[in-house]
Amino acid sequence: MVREYSLVVDGELSDELGNSFAGMTLTRSEGTTMLVGQVRDQAELHGLLQRISNLGLTLLSASTRDEGGGQGPLSAH
Amino acid sequence: MAKTLDIPNPSELPLAEAKLAAPRTRAGMVERRRVVEALEAGDEAALTLVAGPPGYGKTTAVRAWCSGRDAALAWVTLDAGDNDPGRLWTYVATAVDRVRQGLGRRALKRLGFVGAPIEAPVDELMNGIADYGETLVIVLDDVQTVVDQDCLASIDYAVAHLPATARLVVISRTDPTLGLGPLRASGALTELRADELAFTPAEAHELLVKKAHLDLGAEDVETLWRRTEGWPAALILASIWLRRVDDAHGAVRDFGGDHRFVAEYLSHVTFQTLDEDVRRFLLRVSALGRCTPELCDAVLDRSDSASMLTELERANLFVSRLEHGGWFRVHSLFAEFAVSELTRLDHDAPAEIHRRAARWLAARGLVIEATEHAAQAGELDLLADIVAEHHFELMRDGGDALIRFARALPDEQLVRYPDVVASAATVAACLGGHTLEQRRLLRLLDRARAERAEISPWADAIARMVLALSVDTDPENAVVAGRQAVETSEESADLALVAALAAYSRALYFDGHLDEAWAAGHRALEHPDIEHRAPGHAHVRSTLALVAADRGHLGSARKHAEKAREILGGAGLSRSWIGANASAALGVVHAGEGDDAEAQRELAYAERVFRDEVASLQHAWLLALLARVRCRRGRLDEAESSARLAREELDELAHDGRVATLVAEVEREIEQAMNRASSGDVLDPPTPAELAVLDLLASELSVRQIGERLFLSPNTVRSHTRSIYRKLGVNSRTDAVARADALGLLAKAESPM
């Protein structure tokens with residue numbers, strides 16, 4: 001099921017690096033970066049999370065909003 | 001891409017030497033007494049876990065500690081292709097064998113021997129290590145790539161059986177799913193995590209000021225430490241970078257005020273201090289990841305890769321060298337940024353590099369590495385070509401590689417390579433546990449047949465053979481598929497004939513045609529090339545064993561079953577469904593001979609292999625056989641549990657043939673055994689709660705009404721009822737009431753007689 005995910009990582013990422021998270025838009029602010037995009041399914045999500053891990057990035061939060069428009073924060077610290 | 005394959009000796013996929021090479025120790029590193037001591041403290045522990053993100057110096061720390069102790073070292077760097085216990089332990093056993101030749105020999109022999117579960121070769125390896133007598137350290141690096149349950153379970157098993165002289169160190173970016181909890185609780189686990197691996201301010205000072213001779217004040221060091229949070233890779237990069245700039249202090253100040261992601265910032269600025277040519281080289285080499293100078297030269301059109309790599313390594317610039325084999329590795333963190341940067345500068349460069357690497361590696365028989373590069377190049381055609389060229393070896397030795405490739409290729413692509421699809425389907429069938437993938441592949445073959453109207457006879461025969469093998473839902477269809485497979489093979493795909501006959505024979509057995517199954521099996525045995533068709537040969541023998549056992553010819557059955565196992569021993573397949581079939585056959589033979597303990601062991605193993613997300617006839621069959629043996633051994637609860645699972649699976653399949661008959665027989669046997677166990681006195685008396693329900697069972701009340709009367713949910717009532725049936729040794733409400741009455745369990749006042 002397609003959901004829009006927002007992933008926030010510590011540190012401001014360059015646009016180039018952001019491009020490697022295909023399909024996600026990058027917003028930098030105050031020492032963190034937010035990656036937002038439509039994620040097709042859980043397999044894709046875990047691929048993104050793995051990439052974050054491979055880069056040595058610190059995940060600050062992950063939250064989602066599905067079609068219904070409800071907001072469900074899943075904070076990961 | 002049909003090839004007529006003339007393979008007298010199956011070629012084996014070579015082991016990647018690079019995976020067995022430990023990284024070389026570097027001179028001039030900051031001595032990290034603290035970290036070494038933490039690793040030393042693990043001497044009493046069964047398992048040492050070093051877990052942390054990339055760039056935390058995990059590999060370096062372990063390597064330095066190993067050379068400090070001068071202990072024998074068996075190092076394996078794992079990757080996604082090692083998600084198969086046979087392959088994983090083949091690497092480990094090989095590494096151990098290189099410590100001293102012969103230590104891993106028995107284990108390696110067993111690893112080619114498929115009928116036994118992975119515990120057997122691991123035991124042999126542990127024995128070999130114990131024989132060595134001196135301390136031996138086994139290091140598994142990059143364990144985050146291992147996600148297969150069986151692999152992880154085998155590592156747990158090894159930890160539990162490690163000799164006192166051995167240590168197992170697991171290095172991973174994430175905490176692996178091993179039994180860490182219990183190990184932690186009992187103090188048998190030593191951990192080294194990011195917090196311990198991070199540099200302390202003192203260590204940062206040591207690195208930056210003492211080692212790198214940077215002219216930095218305490219405040220600058222503090223800034224660097226704070227901003228990097230002690231991340232070792234970042235600090236080391238900083239030390240290299242700052243030596244190359246004119247105004248170190250100014251650079252640190254800028255860095256301190258910047259918010260950019262540290263690793264990227266530092267990689268970038270350090271990189272900028274290099275010469276243009278070096279930068280070009282480094283960016284391109286990063287796309288390769290792991291390489292030899294020869295590979296680099298070939299892919300990058302250079303002749304100086306050897307000196308470039310050596311120089312970079314010496315200067316600690318993003319490249320490290322492996323201990324032997326001439327392999328170099330680009331630090332993974334840097335590689336990430338480099339590839340982004342390269343793509344920005346020259347969009348097509350990474351793909352071209354991967355493409356060339358894929359071809360170079362494929363030409364040298366390094367198939368798995370070649371396919372990985374092809375996949376990364378997005379060159380699905382190239383990937384499919386390489387896979388198609390080598391699909392036979394991949395099918396035989398590649399573990400689940402073919403299935404992974406099949407998944408990586410979209411249907412549109414895959415459908416153009418029916419041979420690959422057929423091989424992948426065979427692997428899926430042989431490995432077990434991939435029923436859904438197998439069905440997808442068979443559907444693709446149907447589509448290929450429809451769209452192209454010409455798929456190679458080999459692919460066609462194999463497709464039908466796989467269908468026959470599955471016997472999944474419908475033995476009759478399996479028989480038809482088997483017959484078609486045989487016909488096609490006879491006509492124009494002799495290479496598949498033995499396997500086709502084996503599948504046909506098995507389908508016939510399951511459909512109850514013992515004589516025909518026997519005949520088909522023997523036809524296979526008469527094939528002139530039978531000795532070179534190990535999987536089909538072994539499968540035939542398993543089926544013949546079953547037929548013989550059914551007829552009561554146990555001697556003949558035993559011969560066939562043992563032969564099946566022996567064949568698989570020489571064939572180098574690992575953890576396969578065919579091996580499980582051999583186990584099942586042996587189990588049946590043992591059961592026939594009255595050796596129930598052995599029978600249970602073999603059948604239990606086979607049952608595990610056949611477990612899958614989807615119901616299957618063969619799994620139900622194995623559950624039933626297992627239930628029978630357990631019943632005979634007096635393990636009535638376990639027997640009942642297996643029988644119930646078998647019944648559930650059958651219900652899902654809506655099957656009504658001989659397996660159904662078997663299950664019904666076994667159910668009766670269990671019931672009789674339970675009755676015998678509880679005849680006379682009720683050995684396990686009903687609880688007061690159960691008695692309350694029992695009393696009401698004697699009435700006309702429904703389950704729901706009983707629940708209402710007793711203030712219980714219907715589910716609870718049913719649960720009590722099941723328990724009552726079990727204790728009374730009955731199967732129905734009326735029987736329960738009758739028996740309870742006979743035993744005087746009913747409260748007379750309520751009895752509605």
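Begin in chain B by selecting B:V92, B:V421, B:A425, B:M465, B:A500 and B:A624: of the 246 residues in the largest nonpolar core, these touch the most other members. The model on the screen is predicted. Next, colour helix α28 of chain B, residues 497-510, which gives the most to this core, with twelve residues.

**Inside the core**

Centre the view on B:A624. Which residues does B:A624 touch, not counting residues up to four places away in sequence? They are B:A643, B:A646, B:V659, B:L662, B:V663 and B:V666. Then select B:V693, B:L697, B:V730 and B:A736, which are included in a second, separate core of 14 residues.

**Two covered helices**

Select residues 457-470 of chain B, which make up helix α26. Of the 14 residues of α26(B), 13 are buried, so the helix is mostly covered. The length of α26(B) can be checked against expectation: at 1.5 Å a residue it should span 20 Å, and its end C-alpha atoms are indeed 20 Å apart.

Move to residues 577-593 of chain B, helix α32. This helix is also described as mostly covered, with 15 of its 17 residues buried. The expected span of α32(B), at 1.5 Å a residue, is 24 Å, which agrees with the 24 Å between its end C-alpha atoms. Step one place beyond the helix to B:G594, which follows α32(B) and has a positive phi, near 90°. While a helix is displayed, a general point may be recalled: an α-helix has 3.6 residues a turn, so residues three or four places apart point the same way.

**A strand residue and its contacts**

Select B:L47, found in strand β1 of chain B, residues 47-51. Is B:L47 buried or exposed? B:L47 counts as buried because it has 24 C-beta neighbours inside 10 Å, and 20 or more are required. Leaving aside neighbours within four places in sequence, the contacts of B:L47 are B:V159, B:L168, B:V170, B:L183, B:A188 and B:L189. Add B:R167 to the selection: B:L47 and B:R167 are 120 residues apart along the chain, yet their C-alpha atoms are separated by 6.8 Å.

**A three-stranded sheet**

Now display the open sheet of chain B whose three strands run in the order β6-β8-β7, with antiparallel pairing. The edge strands are β6 (290-291) and β7 (319-321), each pairing on one side only. Select β8, residues 328-330 of chain B, which pairs with β6(B) over two bridges in the antiparallel sense. Across this pair, B:C291 stands opposite B:F328 of β8(B).

Just along the chain, select B:N316, in the loop between α16 (305-314) and β7 of chain B. Its phi is near 60°, a positive value in a residue other than glycine. B:N316 is partly exposed because 16 other C-beta atoms lie within 10 Å.

**Chain A and the interface**

Turn to A:E30, placed in the loop between β2 (25-29) and β3 (32-39) of chain A. A:E30 is a residue other than glycine with a positive phi, near 50°. Because A:E30 has 6 C-beta neighbours inside 10 Å, it counts as exposed.

Finally, select the residues where the chains meet: 14 residues of chain A are in contact with 18 residues of chain B. On the chain A side, α1 (15-19) and α2 (42-54) each supply at least two residues. Of the elements of chain A, α1(A) gives the most to this side, with three residues. The chain A side divides into four nonpolar, eight polar and two charged residues.

How values were computed:
Residues are numbered from 1 along each chain as its sequence is written. Chains are lettered from A and ligands numbered from 1 in the order in which they are written. This is a predicted model: local features need pLDDT of at least 70, side-chain atom pairs count only at pLDDT 80 or more; totals for chains, interfaces and linings use all residues. Two strands pair if DSSP finds at least two bridges between them. Helices (H or I, at least four residues) and strands (E, at least two) are DSSP runs, numbered from the N terminus. The expected span of a helix is 1.5 Å times one less than its number of residues. A residue is buried if 20 or more other C-beta atoms lie within 10 Å of its own, exposed if 12 or fewer, and partly exposed in between; C-beta atoms are placed from the backbone. Two residues are in contact if their C-beta atoms, placed from the backbone, lie within 7 Å. Ala, Val, Leu, Ile, Met, Phe, Trp, Tyr, Cys and Pro count as nonpolar, Asp, Glu, Lys and Arg as charged, and the others, Gly among them, as polar. A nonpolar core is a set of buried Ala, Val, Leu, Ile, Met, Phe, Trp, Tyr and Cys residues joined through C-beta atoms within 7 Å.
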